[in-house]
Amino acid sequence: MTSSALERKIAREKAARKQAETLLEQKSLELYEANQQLKLVLDQLESQNLKGLQKLELEGYISASLIHFGRSFLSRTLDDGLLSSFIERIRACSLVASATLRLQTNLIPSVLSVQFGNPLNNDSDDWVVNTIWSDSTLCLPIKVESGVVGEFRVQVFTSDIEANFIQSQMELVVELICSAISRQLMVTKTLIARKRAEESERATKEFVAMINHELRTPLNGLLGSAELLADTKLNPEQRSMLTNLTHSGDLLRHIINDLLDFSKISAGMMELFPSQFSWDELKNMLNGIFMPQAQEKQIAFLIEEEMPFPQGFVGDFERISQILANLIGNAIKFTSAGKVEVLASWNGHELSIRVKDTGCGIAPQAQQRLFDPFVQADRTAKRNYEGTGLGLAICKNLVELMSGTIDLTSEVGEGSVFSICLPLEAVQTISFVEHADAELSKPLESLSILVVDDIRMNQIIIKQMLKKLSIIPDTGVNGLEAIEAAQTTEYDLIFMDCRMPEMDGFEATRHLRKHDYQKPIIALTAGTTLEEREQCIASGMDDILTKPYTANDLKSMIEKWV
């Protein structure tokens, strides 16, 4: 081989080697770059996995905390201990550097502190109204219906998690706090409202009891004086004035009774006192009251019943009488010619009574509100009939209290028909209370009676009424005098007023019964509520004589118990 050929071969080999080295260097560079890219991808993937784990850890921790404390917030009263435990639970998260809850002073009575969690140097009462990020600290407002009432601050250790994700988790925490505060505020308002309602109800009952006493007591003096005056010798002019006085007193009594009954109904104090009574009792009572009124107006008054009727009924005789007295009284009042009929029937479980008149009738527009309180068919200044407009409202409430119904049909110029249906229990045999002696064990004039009342007018009235029965009573003005008199004198009966200074009638009666006093003690009271009646009986009194009373009422009570 020639030297030139050898040189060419060597040159080709050098060129090939150089090309191979260049290619190797290029491939090495590409491999290095690929390795660098792979390392970068691996680093990014590791970072994403760590961030995902941190997010998952934060989300799981917050969810568990909300579930645990959500039950506590619903079942317990929100207080310092519960809020402190909740904030400490949030602070215990490994990703949370600090957490602080600040609340408005005196926000909830059961929460005394205003700051929970990490202490803050900021004592300002100005709350943030919107979400604020400051470096790694998130501040969220605590909002309820009344507005912003506090703030929640939280600082996280890592900045790798997105701010939006951290904010969404802490908003759940704030939402639970706001719900707990709103619930407790509602509970507090409900308790306050209930307390006010109870206080209002108690005040109303006390007012009704007080006004009942204050109105009926002077009325007893007025009507009692008029009754006593009627038994004296009077000239025609004086007799006419006495008639006017009696009429005005009776009207005043009815108005006071209506007002007090309406007050008791409004206060939920109206109670029923069932007893056995017969239809004949009711019929005779109504005839006795309204037959003279009908004759005075020269109209017919009829009470009829469809037979058969049971021997008797069980119901509140007084309230049933009041209902019928109102309906019949209105019928006679508004009837100037014709008649007033009362038609009764019994269907086996309901007593149905219709009060039918031929009076002026009631216009359709007036019928719609006739059973509302203080409403009258004629409300003009020129109206011809007296009244408060409470009678029918009381009738409706009493009928509904008895689980009955009341209806009206009327035509102007033709008359009206009021119909009531009262569910009552029928009895075939009426049992009457029998006393030990069917007749008085002593003549009336020989009875020894003590009257205890602090009001001089009441003493005068009852002494004069007893004088008509030939009885001269002893008197006392308080419970202490009653006890002293009962210890020194053997009385056949004591009339005891309930409300008196120094010692009231209840305390005096309890003292006498405790010391084995056995003779009858009768309450003299203007109270008509169930609580007052029960208090009389519970103290040891045997019966109740309600003011205003008449001489006949007094005589009947004496005959009942002596």
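# Exercises on a predicted model

The crossing of helices H3 and H9 is left-handed, a term used if the near helix is turned anticlockwise from the far one by less than a right angle, while a clockwise turn is called right-handed. The structure is a predicted model, in which local features need pLDDT of at least 70, side-chain atom pairs count only at pLDDT 80 or more, and totals for chains, interfaces and linings use all residues. Residues are numbered from 1 along each chain as its sequence is written, and side-chain values use heavy atoms, with hydrogens and water left out.

**Exercise 1. Describe how H3 packs against H9.**

Step 1. Two packed helices are described by the angle between their axes and the distance between the axes. Helices (H or I, at least four residues) and strands (E, at least two) are DSSP runs, numbered from the N terminus. Axes are lines fitted to C-alpha atoms, for helices over the stretch in contact, and angles run from 0 to 180 degrees between N-to-C directions.

Step 2. H3 spans residues 163-230 and H9 spans residues 456-467; their axes lie 9 Å apart at an angle of about 35°.

Step 3. On the H3 side the contact (heavy atoms within 4.5 Å) involves Thr217, Asn220, Gly221, Gly224, Ser225, Glu227 and Leu228. H9 contributes Met457, Asn458, Ile461, Gln464 and Met465.

**Exercise 2. State the strand order of the sheet that contains E16, and locate its edges.**

Step 1. Two strands pair if DSSP finds at least two bridges between them. Five strands make up this open sheet, in the order E15-E14-E16-E17-E18, with parallel pairing.

Step 2. E15 (474-476) and E18 (543-546) are the edge strands, and each pairs on one side only.

Step 3. Direction ignored, neighbouring strands are turned by 20° against each other on average.

Step 4. E14 (residues 449-452) pairs with E16 in the parallel sense over four bridges, and Leu450 stands opposite Ile494 in E16. E16 and E17 are also joined by four bridges in the parallel sense, where Met496 faces Ala523 of E17.

Step 5. Helix H11 (residues 505-514) lies across E16 and E17 and runs at about 145° to E16.

**Exercise 3. Why is strand E17 described as largely enclosed by the rest of the structure?**

Step 1. Buried means under 20% relative accessible area, exposed means over 50%, and partly exposed is in between (1.4 Å probe, protein chains only).

Step 2. Five of the five residues of E17 (residues 521-525) are buried, so the strand is largely enclosed.

Step 3. Ile521, Ala523 and Thr525 point one way and Ile522 and Leu524 the other way, and all are buried.

Step 4. Take Thr525 as an example: its relative accessible area is 9%. Not counting residues up to four places away in sequence, Thr525 touches Cys498, Ile544, Leu545, Thr546 and Lys547.

**Exercise 4. Which annotation covers Asp497, and is this residue buried or exposed?**

Step 1. In UniProt, an unreviewed entry gives Asp497 the annotation "modified residue: 4-aspartylphosphate". UniProt positions are given in the numbering used here, feature names are shortened, and annotations may be inferred rather than shown by experiment.

Step 2. Asp497 is found in strand E16 (residues 493-497). At a relative accessible area of 1%, Asp497 is buried.

Step 3. Apart from residues up to four places away in sequence, Asp497 touches Val452, Asp453, Asp454, Gly505, Leu524 and Lys547.

**Exercise 5. Give the order and the edges of the sheet that contains E8.**

Step 1. The order is E6-E8-E13, in an open sheet of three strands with antiparallel pairing.

Step 2. E6 (275-277) and E13 (425-427) each have a single partner strand, so one side of each is left without a neighbour in the sheet. The twist averages 35° from one strand to the next.

Step 3. E6 pairs with E8 (residues 312-315) over three bridges; one bridge joins Ser275 to Gly315 of E8.

**Exercise 6. How many disulfides does the rule count?**

Step 1. A disulfide is counted for a pair of cysteine sulfur atoms within 2.5 Å.

Step 2. The count is zero disulfides.

Step 3. As for accessibility, Cys178 is buried at 12%, whereas Cys421 is partly exposed at 21%.
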